[in-house]
Amino acid sequence: MRVVLGEDEALMRHGLVLLLERAGFSVVGMAANEEELVGETEHHRPDLVVTDIRMPPDHRDEGLRAAARVKARWPEIGVVVLSHHAQRGVAVDLLRDHATGIGYLLKQRVADVDQFLADLRSVAHGRTVIDPDVVSLLMTGAPRAATEGLTDRQERVLGLMARGYSNAAIARELSLSEKSVVHHVSHIYDILGLELTPDAHRRVQAVVRHLSADRWPGPLATSHRIDADRHG
Amino acid sequence: MTRATTTDSDPLFGRDPSPSIQAREALDLCHTARMAGGVLGTRASAPGLDAALAFIAFLFAGLGLVEMVLTTEPSRASAWLLILTPLLAWIYCAAGLLAWRRRPSNRLGLLLVIGAAAWLGAGLTGAHEPALVAAGLVLATSPLAVVVHLVHAFPSGELRGASRPIVAFGYVVALGMQVPLYLYADAPAPYDVLAVADRPGLVTLATWVQGTSGALVMVATTVVLVRRLRDVEPRRRRVLAPLLGYGVVAVLMVPFASHVLGPLLHLDDNGIDVTQMVALAGIPVAFVLVLLRGGFGRTGEVQELGAWLSSGPGARPALAQALAETLGDPTLELWFWVPGRERYVDGAGGVVGPLPSGGHRGLVEVELGGDRIGAIVYDATLLADPETVRGAGRVVALALERERLTAELLGTREVLRHTLTRVVESADQERRRIARDLHDGLQSRLVLLGVEAYEIETDPTASPSLSQAARRLRKGLDDGAGELRRLVHGVLPAALIERGLYAATEEFVAQLPIRTSVSFPSGGARLPAAIESAAYFVVTEALTNTLKHAYADEARVHMELRGGRLRIAVTDNGVGGASPETAGGLDGLADRVAALGGRVDVDSPPGGGTTLLMEVPCVSS
């Protein structure tokens, strides 16, 4: 599996390259900023792009912008965004704009090597992987219409769905029978009004997109307008 | 009239008025200084002035009564007319004392009292005692000279420029040219009491010379006054012109009434006398009224400065304005001395001076503790005596020093603000650098150490115990990395660094357990880093306070960029009544905002929710 790596920080880059090469990945290109990353991707057309969010020159969201550009031009390339911190908004943006082959993971997860490599492969195969911390970010906060009516167990199932777990994996994780997981999932779909699809990555995407929608009546843009009017 | 003349013509009071006025002014200053805070001297006796003036009043009342008795003789046809002269003296005296009391540092009051004395003296011509008649003859026309003096000295009480010789000449005409008239008088007893020879020709000549000289004085007076009025601002000219015109006409009335008006209106001698008397009696009344209420003379005395100084700073007009009102010069300016630059600056910090030579602006330096601290610049045509200005300067020296420091401070405030802004900006940069270093260095190292622990853990040659230890190590490193992540988030949230204020605020709000709506400027351009940080921490602190104390179930964050300012409102529907204790964390944040030139206000009426408003100058980058 061919990978282009976007990471400006030498220590981390070295560690990642070592890790990936040892696991049988082939790091075909490395980039330390947005332009380089897009350029290397264009040149190598890898299976996967792994990138940090912050890169020179401003150390802001250069990696995010590069990821968006890559996904827009080559939707078939999997993109994993690595970050030291989980941000709800980043997940929302990534999932809103790109249907498949997207991942958003904390850098901390790298040390959980097996899981990390599995997540990379999932994304390279077109699935969606969202860090558990990000999922919990999406599910905390004020109670919202979307998750009202869910039991605690159903919420946990939903969280694992959002992380891309299969029904079997959820069953293992929660020590349930796969049959009762299927039961929970269809209940969740009923309550959330989501269309049941067999496709694992589609269902993650649907769930996450649903959860990340603005929590207050009407979309975000509407609240902008109301407030703008009220405040003159 | 020179100061010496004043002294000569002041035998009635038995003291030199000029030093006494200066002494009184000094006392007034002490009085004001005491009111201003008791730093400059001891209490003066304002009652002392009242006692002196009362004494003068009684003296003139008595002298007038005595004169009435002395001059009244029922057999004389015009006897009642003679009563009018002491009456005139009383009017002059009363007006003079009033002016003196209300404007102690203005010599017009004294001048009117001298006029009263002149009238009493002139009235002695009607007495029976030859000696008194002689005094009366000597002083017969002196009141006219005093009136001329009055017209020239109004309203400052001082004579300046051409007025001095003209007034002096007026006294020569009234007193000196009178001499041949009584020395060579061809008059019936007792008016010949001073006659040394009977020289009718000489008397005629002297009369002509006196009349002509008197006319010259009046012409010169008119010219000087007209010229002076030309330079005066219109508002004051409208009051001054008729008043001074009246003074001139009243003097001219004396010859005019007997030679022109009398024949014209078929007035008898009594009628002429009454006309003259009424015209001359109106003078002190009119002059004092205008002096006290004319709106252009001194509207207050130096005491008022003291009252001003002891009033609260909020109620105070600017120092220069208070001085201008007190001294009656609307053009008065205050300059502040800048020791380092050896020059004056005005209240706004602009460099001023030096004065062009030969102008009509006067400058009096103000000193405090021997050091020059500023100057009062005034219209020398209005305030003839620099001593008055200097006196006022002594009173306001402390206040002027304060204003000088304020002016200096204004100059340095901008510099200070820029410095503060830079301090806050560099502190923010430092935060960002620390956050980045922790990420790139420590956080990455922990993650990679975790990877190494994983290698050991999964190494097929490792013993089970080693493998287990490595697993624990990996878990520990993972926990450490999580803790570090939270720590760095506290220093500066990643969302703020990576995606800016609006995204970071949304991120924070999304985790709140209460409904919170947000609205941001469209476009979402990034703002200067220090402003983003300060605004973020203010908003999150406000929302944290809402959660902790407000019992609110809804909150709102509104941000807008307008007119180069970022305005933020954080509102909740909670219990309100936020106290400084509950909002404690905001103090330091408000300081940061202030250092960036902005401000933070909290409005939290009990039961009315809490609204935090923040405003800061801001240009989006």
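Trainee: In this model, which strands does helix H17(B) lie across?

Mentor: This is a predicted model, so keep that in mind throughout. Helix H17(B) lies across S6, S7 and strand S8 (565-572) of chain B. Its direction is at about 180° to S7(B). Angles here run from 0 to 180 degrees between N-to-C directions, so about 180° puts the helix and S7(B) in opposite directions.

Trainee: And what does H18(B) touch?

Mentor: H18(B) packs on the sheet too, touching S6, S7, S8, S9 and strand S10 (610-617) of chain B. The direction of H18(B) makes about 10° with that of S8(B).

Trainee: What makes up that sheet, and in which order?

Mentor: Five strands of chain B, in the order S6-S7-S8-S10-S9. The sheet is open and its pairing is mixed.

Trainee: Why do S6 and S9 of chain B stand at the edges?

Mentor: Because S6 and strand S9 (599-603) each have a single partner strand, one side of each is left without a neighbour in the sheet. As for twist, neighbouring strands are turned by 10° against each other on average, ignoring direction.

Trainee: How do you know that S6(B) and S7(B) count as paired?

Mentor: Count the bridges. Five of them join S6(B) to strand S7 (residues 554-562), and the two run parallel. Pairing needs at least two bridges, so S6(B) and S7(B) qualify. For one example, B:Thr516 has B:Ala555 in S7(B) as its bridge partner.

Trainee: Now the rings. How many aromatic pairs are there over all chains?

Mentor: Six. Take B:Tyr502 and B:Phe520: the ring centres are 5.1 Å apart and the planes make 25°. The centres lie within 6.5 Å and the planes are under 30 degrees apart, so we call that pair stacked.

Trainee: What parts does the stacked pair tie together?

Mentor: B:Tyr502 is in helix H17 (residues 494-510) of chain B, while B:Phe520 is in the loop between strand S6 (515-519) and helix H18 (529-550), so parts 18 residues apart in sequence are tied together.

Trainee: Is B:Tyr502 buried or exposed, and how do you know?

Mentor: Check the number. B:Tyr502 has 9% relative accessibility, and the limit for buried is under 20%, so B:Tyr502 is buried. B:Phe520, at 10%, is buried as well.

Trainee: What makes B:Phe508 and B:Tyr536 an edge-to-face pair?

Mentor: Their planes are at 85°, with 6.4 Å from centre to centre. Over 60 degrees counts as edge-to-face, so 85° fits, and 6.4 Å is within the 6.5 Å limit. This pair links distant parts of the chain: B:Phe508 in helix H17 and B:Tyr536 in helix H18, 28 residues apart.

Trainee: How does the cover of B:Phe508 come out?

Mentor: B:Phe508 has a relative accessible area of 23%, which falls between 20% and 50%, so B:Phe508 is partly exposed. B:Tyr536, at 5%, is buried.

Trainee: Which residue lies over the face of B:Trp337?

Mentor: B:Arg372, at 3.7 Å from the ring centre. B:Trp337 also belongs to a cluster linked by ring pairs, together with B:Trp335 and B:Tyr344.

Trainee: What stands out about the backbone of B:Tyr551?

Mentor: B:Tyr551 has a positive phi of about 50°, although it is not a glycine. B:Tyr551 sits in the loop between H18 and S7 of chain B.

Trainee: And why is B:Tyr551 called exposed?

Mentor: The relative accessible area of B:Tyr551 is 71%, and exposed means over 50%, so the name fits.

Terms used. Residues numbered from 1 in each chain as written. Chains lettered and ligands numbered in written order. Predicted model: local features only at pLDDT ≥ 70, side-chain atom pairs only at ≥ 80, totals over all residues. Heavy atoms only, no water. Helix = DSSP H or I, 4+ residues; strand = E, 2+ residues; numbered from the N terminus. Buried < 20%, exposed > 50% of the residue type's maximum accessible area, 1.4 Å probe, protein only. Lys NZ or Arg CZ within 6 Å of the ring centre and 35° of its normal. Contact = heavy atoms within 4.5 Å.
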